[in-house]
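Trainee: Could we go through this model together, with you explaining what stands behind each label? I would like every word tied to its cut-off.

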Amino acid sequence: MNTLDRYLIRSVVIGGLGASAAFGVLILVFGMIDEFSKIGPGYTTFHALRFVVMSMPGYLYELFPVTVLVGGLLSLGALAAHSELTVMRATGMSLLRLARPVLIAGIILAALGTVMGETIGAWGQAAASEMRAAATEKQVSTDLASGFWLREGDRIVNVERALVDGQLLGLRVFELGEDGRPQRVLEATRGESLGDDRWRLENVVDTRLSVDDPAKPVSVEQRDEDEMRLFDREVLEIAALNPRYMNIMQLSEYVAYLERNQLDASVYATAMWSRVVQPISVLAMLLVTLPFVFVAQRGGSAGRWLFIAILLGVAYKTLTQIVSALAPAYDISPILSTTLPPALFSIAGVLALYRATPRARRATD
């Protein structure tokens with residue numbers, strides 16, 4: 001690795017990190033605007049600011065390929081505008097040879113982004129949700145290995161798993177008497193939201209305890225289905241962490257659990273594979289920017305490169321959302337639906353860069 005390689009790597013890495021910092025500021029600003037509407041008794045401006053700051057790494061990781069795209073295109077565009085890329089070409093470096101240090105910089109940025117997303121990104125989302133729940137007195141605890149616990153009047157609800165599509169798995173309801181002792185325990189394998197605070201329970205075991213007469217036998221009744229009022233579905237926004245902000249280990253555990261119980265795991269499987277291919281998406285974004293910069297080496301202001309970056313970023317996010325929406329309808333596997341957008345962008349970038357390289361130069365590399 002020579003001096004020019006190190007210079008290109010440093011420029012792209014600094015550009016990517018600088019763009020990420022700028023996007024982070026935007027996330028904080030728009031996040032605070034959104035959280036202002038939730039400020040009330042117990043949930044102060046300080047709580048809202050803490051929530052936005054802790055949530056920011058998770059949101060930033062989701063946009064990381066786009067931030068790298070913007071930063072890489074701006075930094076390479078600045079080199080092109082100052083004719084530095086032209087000088088590098090004059091030393092005998094082809095476009096394909098110049099792409100090598102850019103991709104190395106992409107690998108560095110992808111590694112940094114992955115570490116951020118899998119550590120403080122996932123932790124920050126969970127901690128922010130827990131903090132807001134405590135501040136707004138939702139009486140829900142989600143930090144225990146036994147699932148999440150909720151207190152509603154004389155009922156204590158324990159749920160092993162809460163899914164974002166309005167499902168509860170491994171449900172137990174404890175009804176307390178006036179003296180605080182349990183007088184009824186209701187267990188169900190699955191609960192499905194019917195709207196508001198109404199839930200349909202499946203495979204119900206209803207156990208009634210005689211508090212006044214301990215010698216009286218326990219009454220046990222089994223039902224295939226039952227409906228009851230538990231808690232508002234909005235509580236799941238706290239209890240069920242959005243799969244987009246869970247780390248790979250958590251998602252893998254959820255997918256295995258759902259598949260083991262023959263439940264639909266497509267939402268969590270898609271989120272898991274999206275995080276797996278995230279580093280590839282970063283490289284794909286840099287690949288597709290190279291032809292724009294290296295072909296038009298002398299022209300282009302920062303505004304032009306920023307405009308191109310925004311167009312490419314919007315195109316990538318739109319394609320990703322379209323494929324994600326169509327995948328369940330056409331029974332496309334989560335692996336294919338998540339790898340298709342970065343694969344298409346990578347192929348387009350490689351072909352464009354290859355066509356822009358003269359045949360004589362290709363033969364010397």
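Mentor: Gladly! Let's start in the sheet, where Ala 188 stands opposite Val 204 in β6. This is a predicted model, in which local features need pLDDT of at least 70 and side-chain atom pairs count only at pLDDT 80 or more, while totals for chains, interfaces and linings use all residues. Residues are numbered from 1 along each chain as its sequence is written, and side-chain values use heavy atoms, with hydrogens and water left out.

Trainee: What makes β5 and strand β6 (residues 198-208) a pair?

Mentor: Two strands pair if DSSP finds at least two bridges between them. Nine bridges join β5 to β6, and the strands run antiparallel, so the definition is met. They also form a hairpin with four residues between them, and Gly 195 in that turn has a positive phi of about 105°. The names come from DSSP runs, numbered from the N terminus: a helix is H or I over at least four residues, a strand is E over at least two.

Trainee: Which strands does β4 pair with?

Mentor: Strand β4 (residues 167-176) pairs with strand β5 (residues 182-193) in the antiparallel sense over nine bridges. Eight bridges join strand β3 (residues 155-163) to β4, again antiparallel. On the β5 side, Leu 168 stands opposite Gly 191, and Glu 175 has Arg 184 as its bridge partner. On the β3 side, Asn 158 is partnered by Arg 172 of β4. β4 and β5 form a hairpin too, with five residues between them, and Gly 180 in the turn has a positive phi of about 85°.

Trainee: Why does Thr 207 count as buried or exposed?

Mentor: Buried means under 20% relative accessible area, exposed means over 50%, and partly exposed is in between (1.4 Å probe, protein chains only). Thr 207 has 15% relative accessibility, so it counts as buried. This residue lies in strand β6. Leaving aside neighbours within four places in sequence, Thr 207 is in contact (heavy atoms within 4.5 Å) with Gln 183, Arg 184, Val 185, Val 218, Ser 219 and Val 220.

Trainee: And which class does Asn 203 fall into?

Mentor: Asn 203 lies in strand β6 as well. Its relative accessibility is 43%, so Asn 203 counts as partly exposed. It also has a positive phi of about 50° although it is not a glycine. Most residues other than glycine have a negative phi.

Trainee: What makes Asp 331 exposed?

Mentor: Its relative accessibility of 72% does, so Asp 331 counts as exposed. Asp 331 sits in the loop between α10 (302-329) and α11 (334-356), and has a positive phi of about 55° without being a glycine.

Trainee: How do you know whether Tyr 254 is buried or exposed?

Mentor: The relative accessible area of Tyr 254 is 15%, so the residue is buried. Tyr 254 belongs to helix α7 (residues 248-260). Neighbours within four places in sequence aside, its contacts are Arg 161, Ala 162, Leu 163, Met 246 and Tyr 268.

Trainee: Now the helices. What is α1 called relative to α2, and why?

Mentor: Two packed helices are described by the angle between their axes and the distance between the axes. Here an axis is a line fitted to C-alpha atoms, for helices over the stretch in contact, and angles run from 0 to 180 degrees between N-to-C directions. Helix α1 (residues 3-36) and helix α2 (residues 45-62) pack at about 140°, with axes 9 Å apart. That angle makes α1 oblique to α2. The cut-offs are under 35 degrees for roughly parallel, over 145 for roughly antiparallel, 65 to 115 for roughly perpendicular, and oblique for the rest.

Trainee: How are α2 and α3 described, and why?

Mentor: α2 and helix α3 (residues 64-81) pack at about 65°, with their axes 4 Å apart. They are therefore roughly perpendicular to each other. Leu 60, Tyr 61 and Glu 62 of α2 make the contact with Phe 64, Pro 65 and Thr 67 of α3.

Trainee: How much of the chain is buried overall?

Mentor: Buried residues make up 44% of the 365 residues in the chain, whose secondary structure comes to 12 helices and seven strands. β4 is mostly covered, with eight of its 10 residues buried.
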